Amino acid sequence: ANNTNSDSNNLANSGHHKLSAALPSGNNVFLVSYESLMKLQDIYVKMIYQAMDIDSDYMPTFKDGNAKYVVGPTNTMAFLAKLVVLFCFLIITYLFLSAN
């Protein structure tokens, strides 16, 4: 019960097939964007297949290789909280040692 063919037909019939023309190409070379692939995933792969006249139902598993390098606000706040705790510890230790 694979609906990929019907999905491809729906994609082509819905006007999205024009997106494949937006892929920069020339001399049998197509320029694809990793960021677009990660954002659009199946739709982008179907666009690539269509632009290259590939008849396939295969869809790869997507894993963002850049995710580990992205520092979100929660990671930044956690780092800053640890830095504040360390700074307070150093001040307390300095005051304690200088009092003796």
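Q41 is partly exposed, with a relative accessible area of 32%. In this predicted model, Q41 sits in the loop between α2 (34-40) and α3. The backbone here deserves a glance, since phi of Q41 is near 45 degrees, a positive value in a residue other than glycine.

A second residue with a positive phi is found past the other end of α3. D53 follows just after that helix and has its place in the loop between α3 and α4. Its phi is about 55 degrees, although D53 is not a glycine. How exposed is D53? The relative accessible area of D53 is 72%, and D53 counts as exposed because this value lies over the 50% cut-off. For Q41, the 32% stays between the limits of 20% and 50%, so Q41 is classed as partly exposed.

Helix α3 itself, spanning residues 42-51, offers quite another picture. Which of its residues are buried? The run comprises Y44, V45, K46, M47, I48 and Y49, and a lysine is thus found in the company of aromatic and aliphatic residues. Across the chain of 100 residues, 12% count as buried.

Helix α4 covers residues 73-99 and includes L90. This leucine also belongs to a nonpolar patch on the surface, which it forms with M77, F79, L80, L83, L86 and F89. Together, the residues of this patch have about 730 Å² of accessible area. For the chain, the accessible surface comes to about 8,200 Å², and carbon and sulfur atoms contribute 62% of it.

Stepping back to the overall layout, the chain holds four helices and two strands. Read from the N terminus, the order of these elements is α-β-β-α-α-α. As for how distant parts of the sequence meet, 48% of the contacts with a separation of 6 or more are made by residues 24 or more positions apart.

A word on confidence completes the description. The mean pLDDT of the chain is 75, with 70% of the residues at 70 or more. Two stretches deserve a more careful reading. Over residues 1-9, pLDDT stays under 50, and the model has five contacts beyond four places in sequence for this segment. Residues 11-17 likewise stay under 50 in pLDDT, and for them the model has seven contacts beyond four places in sequence.

Conventions:
Residues numbered from 1 in each chain as written. Predicted model: local features only at pLDDT ≥ 70, side-chain atom pairs only at ≥ 80, totals over all residues. Heavy atoms only, no water. Patch = residues over 30% accessible without salt bridge, like charges linked within 9 Å, V, L, I, M, F, W, Y side chains within 5 Å. Areas by Shrake-Rupley, 256 points an atom, 1.4 Å probe, with all protein chains shown as cover. Salt bridge = Lys/Arg side-chain N within 4 Å of Asp/Glu carboxyl O. Buried < 20%, exposed > 50% of the residue type's maximum accessible area, 1.4 Å probe, protein only. Contact = heavy atoms within 4.5 Å. pLDDT = per-residue confidence, 0-100.
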